[in-house]
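This report describes charged side-chain contacts and cysteines in one protein model. Please examine the sequence and the structure shown here before reading on.

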Amino acid sequence: MAEDTRQDKRASFSALTEHSTNGMARTSGKTGASKKLVIKNFKGTVTVVLFPPTAPATGEDGDRPKLAENYTEDTWLKLRDAVGAIQNSTSIKYNLEELYQAVENLCSYKVSPTLYKQLRQVCEDHSMDNLSFLKRMNRCWQDHCRQTIMIRSIFLFLDRTYVLQNSLLPSIWDTGLELFRTHIVSDSAVQKRTVEGILEQIELERNGETVDRSLLRSLLGMLSDLQVYKDSFEERFLTETNRLYAAEGQRLMQERDVPEYLHHVARRLEEENDRIVSYLDQSTQKPLICCVEKQLLGEHMNAVLQKGLSNLLDENRVTELALLYQLFSKVKAGLPTLLQFWRDYIKSFGGEIVCTPEKDKDMVQDLLDFKDKMDNVVQSCFARNEAFINAMKEAFETFINKRPNKPAELIAKYVDSKLRAGNKEATEEELERILDKIMIIFRFIHGKDVFEAFYKKDLAKRLLVGKSASVDAEKSMLSKLKHECGAAFTSKLEGMFKDMELSKDIMIQFKQYMQNQSEPSNIELTVNILTMGYWPSYTPMEVHLPSEMVKLQEVFKLFYLGKHSGRKLQWQPTLGHAVLKSEFKEGKKELQVSLFQTLVLLMFNEGEEFSMEEIRAATGIEEGELRRTLQSLACGKARVLNKNPRGKEVEDGDRFNFNNDFKHKLFRIKINQIQMKETVEEQVSTTERVFQDRQYQIDAAVVRIMKMRKTLSHNLLVSELYNQLKFPVKPGDLKKRIESLIDRDYMERDKEIPNQYHYVA
C-alpha cells in the first residue's frame, strides 16, 4: 500500500493494533523530526507518521530540551489510567499515539527503570485484585454452565434413558458440576482466593460501600451448587462475622448512648437479613442472626440495662423501650435479665416515693402516676407480657410496704380529698376511674386496718359535717372495698350509712313532735343518732351551751327515749355545726360555723371584747381546741373577729372583739372548714387505736390457735400467726403478746421444754 501521512490513517492505528500480534518496526530519525511506524504482515504496508508534541523548553545551554515541571508524574497518571482501562475492558480516554510518544519521551530521559517498575506493579496489583478475580471466576462459571446446558440438550436422549436407568451414574449436568468442582474450585488456591474475595466484598458492604450483589449472588450460588458452600465459605464467613461484631459491640458500647446503640443493633440485624435475601444461602440465616445477636446484645445485656434502662423509663422513651424488649426477646436469657432490671427499677423508684417524708403530700398522686406510666410501658412496649405484669405487682407490693402504715394513711386521706364536697377536679366518670386506680394501689398494702381507721374517721366527718360530694360515689367506694376485703371489713362503714338514713327518719318524726309542742323553739335542731360501735370514738367534752340549746337537747332526749327505752344518749359536740344569722355594717350575713365557733361568737351578743381566758371560762372549750377555733375566726380568710395584738397565732392574753366592718361577697359564708382539718392529736390517736386493735387481734389469734392445737412450739405458733394475721407484725411484738397471755393464764410454758406452750382451759 502506498505511503499516506493523512490524519485518518493515524486514527486507524488503534483499530489495527488491537488485532495485531506482530512486532513493530520503528524508523528512527533526528530528534524533533516526524517518525514512521510500519505495521507488517498485511496485504500492504500502512505507515503511520507520529508527529512529536511541542518540543520541551530548551535548557540554558540550548543543547538538550528540558522536561516541563511535573511532566513525569502527570504522564504516569495518564499511562496508569490507560492500563487500568485495558485491564477492565473499558474505553481508553487518551489517544494511543499520544500515549506511545509519552512512553518514548520518558525513556529518552532515562526514566525507564522507574517506568518499568511502576508498570509491573500495576499489572501485579491487577492480578492480585480480588474483585477482578471474582469477575473472571464468575465468567468462567457462567461459561461452564452455558456450555454444560448446551451439551446436555444435545445428549438429552442419552441423559433420559441410559443415564437415568443407571443409578450409579451422575446425570450430564451433575457430571459437569463434578468436573468443575474437581478441576477448578477444589484447587486450594482458587478456592481460598474466591472465598477471600467474597468475604472482602461483604466486609466492604458492611462498612457502607456499594458492591455488586448480583456477582456475589452468582458466586455463592456456584458454591452452593457445587456443595462446598458450608465447608469452604460459611464457616469462614461466620468466624469473620463473629470477630467483626465482637469488636464493634465493644467499641460502640463505649462511644454511644443506649438509644443510639439499640437503633444500630436493629439496623445491623435488618442489613444481615437483607443479605440473606439478596445473596446468602437460606441455611446461613439462623447461625448468622444468632451470631449478630450474641455479639451485639448477648455479650452486653447487663451493660445496656445498667447504662440505659433507668433513663429510658425516666424519660418514658416508649419507642426505644419497645425496641429494647423486641431485641432482648431474641437473645437467650434476654427477657429474664430485662425482667430483673425492670423489677429493681420499680422497687428503687417507688421506694424513693414512699420512703421520702418530704414527699408525703404528693405520695399517692405520684404513686398513681408511676403506676399509670409502668402500665403503659407493659402494654405499649412489653407486649403485655404476663411475667412483666406479675413482676410489676410484686415490686409495687414490696416497696409500698417498706414504710409501714404511712402509705395506707395517706391513701385514705387522698380518697377523702376526692370524695369531699367542693372537689371540682373530676366529673363522676373521672372520679370513678380515680377510685378504681386507688383500689389497685390499695391492694398492695399489707396494713389495711390502718386505711380502714383513717378512712372511717374521714368518712364520719364527711357525713356529719355534710361535706360529702356524692352519696353515689361514697357507696361506690364502699362496694369496691367490700369486693376487695370482704363484708367484715366494711360492716362498720355500712353501719355508718344506715345510722345517717335512720337519723333522717327520726328527724322527720321529731319535727312533727315539735310542731305539737305548746312552746315552739326559734332554733331548728338536727340530731344524728350514731351507734357507738360503728363510728370512730370521740373524746367526751363538756362545753357550756346556751340555755336555749340545753332546753332543746332535753326535749329531744325526752322524745327519743320515749320511743327507744333502755338506750343511753351521749352528746358529742366535736362535730356539731350551726348556721348563725349575723349583722354587719355591710348588711346581714349567714355564717356556717362549728359548734365551738358558735359558742364563741354568741358571747359577743353579751359584750364588746373578751380575752382568751374569759372565752375559755365561759364556753368550757378545751384550750387547744379553743386556740384553733379563735384562730379560724380572727386569723383566717373570713375574719369576723378582730384580735389584739395582731398575729397569726393565738397567745395567752390576746383580746378579741367583733369585727363590725367585716365584708364578703357571699351571703352565706363557710367558716367551719376547720372541722374537716385533721389535728396532730387526731392523727396520733387514730394510729394508736389501730395498734391497740392489732394487739387484741394478736391475742385472739394466739388463743384461737392454742385452743385448737392444745400444745405447740414457739416457731410453729409464730408461723401459724403469720398465716392468720392480715397486717404486718414483727416477731418481737408477737413474743410480747405471748408473754402477756402467759401472765394472764391463757397459756403456759412447758416446764421441761421452754420453747413449747400449752393451752390452759
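## A salt bridge between K589 and E586

K589 and E586 form a salt bridge, in which the closest N and O atoms are 3.5 Å apart. The structure discussed here is a predicted model. The two partners sit in differing surroundings: K589 counts as buried, with a relative accessibility of 9%, whereas E586 is partly exposed, with a relative accessible area of 43%.

## A contact between two strands

E590 and R668 also meet through their side chains in a salt bridge, with an N to O distance of 2.9 Å. E590 belongs to strand β7, which covers residues 587-594, and R668 to strand β11, which covers residues 668-670, so this pair ties together parts that are 78 residues apart in sequence.

How accessible is each partner, E590 and R668? E590 is buried, at a relative accessible area of 15%. R668 is partly exposed, and its relative accessible area is 42%.

## R213, E205 and a wider network

A further salt bridge joins R213 to E205, where the closest N and O atoms lie 2.7 Å apart. Here the arginine, R213, is partly exposed, with a relative accessible area of 24%. The glutamate, E205, counts as buried at 12% relative accessibility.

Which residues are linked with R213 and E205 in a network of salt bridges? The network also includes R206, E272, D274 and R275. When the whole structure is searched, 46 salt bridges are found; the pairs R213 with E205, K589 with E586 and E590 with R668 are among them.

## Cysteines and disulfides

How many disulfides does the model contain? The count comes to zero. A disulfide requires two cysteine sulfur atoms within 2.5 Å of each other. For C290, the closest cysteine sulfur is that of C291, at 8.8 Å, and this is too far for a bond.

The surroundings of two cysteines may also be described. C290 is partly exposed, having a relative accessible area of 42%. C381, by contrast, counts as buried, with a relative accessibility of 4%.

## Summary

The predicted model holds 46 salt bridges and zero disulfides. One of the salt bridges, between E590 and R668, connects strand β7 with strand β11. Another, between R213 and E205, involves two residues that take part in a network of salt bridges.

Definitions and conventions. Residues numbered from 1 in each chain as written. Predicted model: local features only at pLDDT ≥ 70, side-chain atom pairs only at ≥ 80, totals over all residues. Heavy atoms only, no water. Buried < 20%, exposed > 50% of the residue type's maximum accessible area, 1.4 Å probe, protein only. Salt bridge = Lys/Arg side-chain N within 4 Å of Asp/Glu carboxyl O. Helix = DSSP H or I, 4+ residues; strand = E, 2+ residues; numbered from the N terminus.
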